[in-house]
Amino acid sequence: MRHIISVLMENESGALSRVAGLFSARGYNIESLTVAPTEDPTLSRMTVVTRGSEEIIEQITKQLNKLIDVVKLIDLAESFHIERELMMVKVKTTGEMRHEIRSLSDIFRGKIIDVTPTTYIIEMTGTSEKLDAFIAAINPDCIIEAVRSGPTGISRGEKGLHL
Amino acid sequence: MELSGAQILVQSLVDEGVEYIFGYPGGAVLHLYDALFQQDELKHILVRHEQGATHAADGYARATGKPGVVLVTSGPGATNAVTGIATAYMDSIPMVIISGQVSLPVIGSDAFQEVDMIGITRPCVKHNFLVKDVTKLAETIKKAFYVATTGRPGPVVIDVPKDITAPQIKVPYKYPEKVSIRSYNPVVTGHKGQIRKAVDLLLSAHKPIIYSGGGVVLGEASKELIQFAHTLGYPITNTLMGLGAYPATDKQFIGMLGMHGTYEANMAMHESDVIIAIGARFDDRVTGKLDLFCPYAKIIHIDVDPASISKTVKVDIPIVGDVKPVLEQMLEIIKESQKQPDAKALELWWNQIRQWQSVNCLEYDRQSPLIKPQYVIEQLHEVTKGDAYVTSDVGQHQMWVAQYYPFDKPRRWINSGGLGTMGFGLPAAIGVKLAFPDENVACVTGDASIQMCIQELSTALQYNTPIKIINLNNRYMGMVRQWQEFSYQSRYSHSYMDTIPEFVKLAEAYGHVGMRITKPEEVRPALEAAFAMKDRTVFLDVMTDQTENVYPMIEAGKGHHEMKLRVATGTSTDRELA
């Protein structure tokens, strides 16, 4: 099953490689990983999307907790949460295609953030499935490149991951 | 007080209460060695190879319970230490390793003797630190000792760039009395509700067994374990790492379990209905094939490391905490409950166990004209009155010590269990002897293992650590040969060295006493003579039966109930295999 593990860790050099090293050394799978400092500059927050049986996910969370740099973590998949991913897609747009891509982007609530005579860059956020659907809806020949941040998530309600 | 980084490092170790530091100098740590030269509180033990430094510090730590401290230079000094660091990591031994590093401005430029020590050791340390600011040095050292010695202990590396230790830069020094790390708070006491549940399950058991491991040694909980076992009257088995935490000569002790454990311990595990695992981690050498592991048992597991719980074997009642307070809590709850174990069921269970014991799984050919290695260990036990510190290397000889030297006290049995590091025994024995100069220290080894760190014989002379080396010389890598006999139709691929040094001459060349023993009747007198030489390191080169195997054995892919027992083949004749 897919899990989103949100990790609050010391914002120190090497902390990221401890997490990445743990996953590779123990053979855990990483689907995506995002990391950035939080509003408290001594901490950074990492979101790891992984897959595995309940036993494996339990081991992953325990092993992560064992890392000295890890302050706290939660498995977002265990409760109501919201997840979003950011994507930017550069597409070839000539002739009639310019209009078609624009309306498709509107349907997906994308924003065109850069325009040249032959290209658009579309910015889009949403769940990973929505971004997949958008990619599937455009003619693959039109896509020059696409960049995705990997999902990041937050739990709903009053609870939060903080010190 | 203003001190240079090098002085801060030395003074911090002194203030931490460190007695010995095991090391080897080099370019990146010259400032540090200069600071060491100018003081006399901290005693430096100069080894002959950095691997020796780590094993000696490790042996010291295992015997005393205090952290072992190592100092090595950057590059090859650091990489040579890695095997010893990994050895300590696998057995949860508290160590602090200080490695030199090239100066901060040149880090990352492939400078002379530069390696990424932080990156290399990351998977085999509990934590590591790169010091980037001399004003943080003392605090970093304090943190390193705190992390290494608390919770589940382990090695911690401090990588110190050369410019941090420069003599011309002086900063105020004060060694912190305490540190706290917001992201590190090891659990100590156990969850009361879980302990109650565990006690209920334990007292309702019909075929219970206590399975305890190295955590009891590390957690200084031997006394509590004995009280716990005696209160319940249940059979107890120890892992390789747990030997000595429960007295092996106690009648409730049914031997070691696992691959070369006793028949009775493994059968009792297999048939049990309740297992309480105490400071043990269900290692694959203990469990055998997981699908066949203890099919009828409910399992209680006490461990300080939550990640050890349900890692390979799913447990029913997990208890996270230090074994000592948790056992104290348990004893109290047992007392409060006023319930007793089911005496009738327990009697039946013990009868069953006695029956398994009657198989006499450790019997061997005592009439052989060749020296049986088991006999040597039994004699060692007698000559040392069962009270020596015994280190070992890795292989058959290690298993024979575990089987034939009943340890009655914790911290007496010093071996590399998790990583299985050949070369461990000799330097570890030096570390133990430094800690306990008046105690008997023996290193049981083999002709292959001893050659992996034999250069430390020189260290043993320099620091006058009179240890007794018992080399069970069968001219083979015995354990490899045994597996090749069992699983590869006796194709002894490279488990035999065509040339082995004359160990007696070698020992003499290093300034020690060497003796070669070729007949069974010479074993006892030689051991007595060796231990009588209180101030000499003695190397006993004991020529043993080449064909001897370690029995009983759980072969790969088998369960506890499928042990391979020794088939009596009569008295062995004078056989040489090669």
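The exercises below work through the two chains of a predicted model.

**Exercise 1. Overall form of chain B**

Task: Determine how the radius of gyration of chain B stands against that of a compact globule with 578 residues.

Solution:
- Step 1. For 578 residues, the globule rule puts the radius of gyration near 25 Å.
- Step 2. Chain B has 25 Å, so the two agree.
- Step 3. The C-alpha trace of chain B spans about 75 × 60 × 40 Å along its principal axes.
- Step 4. Of the 578 residues in chain B, 57% are buried.
- Step 5. Take the contacts in chain B between residues at least 6 apart in sequence: 78% of them join residues at least 24 apart.
- Step 6. The secondary structure of chain B comprises 20 helices and 20 strands.

**Exercise 2. Domains of chain B**

Task: List the domains assigned to chain B, then describe the contact between domain 2 of chain B and domain 3 of chain B.

Solution:
- Step 1. The domain assignment splits chain B into domain 1 (2-172), domain 2 (192-357) and domain 3 (373-543).
- Step 2. Between the C-alpha centres of domain 2 of chain B and domain 3 of chain B there are 31 Å.
- Step 3. Twelve residues from domain 2 of chain B and twelve residues from domain 3 of chain B make up the contact.
- Step 4. On the side of domain 2 of chain B that touches domain 3 of chain B, eight residues are nonpolar, four are polar and none is charged.

**Exercise 3. A parallel sheet in chain B**

Task: Give the strand order of the open sheet of six strands in chain B, and explain why one side of E16 and of E19 is left without a neighbour in the sheet.

Solution:
- Step 1. The order in chain B is E16-E15-E17-E18-E20-E19, and the pairing is parallel.
- Step 2. Strand E16 (413-414) and strand E19 (513-517) of chain B stand at the edges; each has a single partner strand, so one side of each lacks a neighbour in the sheet.
- Step 3. Within the sheet, strand E18 (residues 468-473) and strand E20 (residues 538-543) of chain B run parallel and are joined by six bridges.
- Step 4. In that pairing, B:Met543 of E20(B) is the residue opposite B:Asn473.
- Step 5. Helix H14 (residues 373-383) of chain B lies across strand E17 (441-446), E18 and E20 of chain B, and its angle to E18(B) is about 165°.

**Exercise 4. Burial of helix H16**

Task: State how many residues of helix H16 (residues 425-435) of chain B are buried.

Solution:
- Step 1. A residue counts as buried if 20 or more other C-beta atoms lie within 10 Å of its own.
- Step 2. Eleven of the eleven residues of H16 of chain B are buried, so the helix is largely enclosed by the rest of the structure.
- Step 3. The buried residues of H16(B) include B:Leu426, B:Ile430 and B:Leu434, and also B:Lys433.

**Exercise 5. Strand E5 and its partners in chain A**

Task: Name a residue pair for E5(A) with E7(A), with E8(A) and with E9(A).

Solution:
- Step 1. E5(A) pairs with strand E7 (residues 119-126) of chain A in the antiparallel sense, over eight bridges. Here A:Thr119 in E7(A) stands opposite A:Lys92.
- Step 2. Strand E8 (residues 143-148) of chain A pairs with E5(A) over five bridges, also in the antiparallel sense. A:Lys90 has A:Glu145 in E8(A) as its bridge partner.
- Step 3. Strand E5 (residues 81-92) and strand E9 (residues 152-155) of chain A run antiparallel, with four bridges between them. A:Glu83 is bridged to A:Gly153 in E9(A).

**Exercise 6. Two contacts of chain A**

Task: Describe the contact between the two domains of chain A, then the contact of chain A with chain B.

Solution:
- Step 1. Chain A is divided into domain 1 (2-79) and domain 2 (82-152), with C-alpha centres 29 Å apart.
- Step 2. Their contact takes six residues from domain 1 of chain A and five residues from domain 2 of chain A.
- Step 3. On the side of domain 1 of chain A that touches domain 2 of chain A, strand E2 (32-37) and strand E3 (43-51) each supply at least two residues. E2(A) gives the most, with three residues.
- Step 4. By class, that side of domain 1 of chain A has three nonpolar, three polar and no charged residues.
- Step 5. Between the chains, 15 residues of chain A are in contact with 13 residues of chain B.
- Step 6. Helix H1 (15-25), helix H2 (54-66) and strand E4 (70-75) of chain A each give two or more residues to the side of chain A that touches chain B. H2(A) gives the most, with five residues.
- Step 7. The side of chain A that touches chain B divides into four nonpolar, five polar and six charged residues.

Methods
Residues numbered from 1 in each chain as written. Chains lettered and ligands numbered in written order. Predicted model: local features only at pLDDT ≥ 70, side-chain atom pairs only at ≥ 80, totals over all residues. Domains from an automatic or database assignment. Contact = placed C-beta atoms within 7 Å. Nonpolar A, V, L, I, M, F, W, Y, C, P; charged D, E, K, R; others polar. Pairing = 2+ DSSP bridges. Axes fitted to C-alpha atoms, helices over the stretch in contact; angles between N-to-C directions. Buried ≥ 20, exposed ≤ 12 C-beta atoms within 10 Å, placed from the backbone. Rg over C-alpha atoms; globule rule 2.2 N^0.38 Å.
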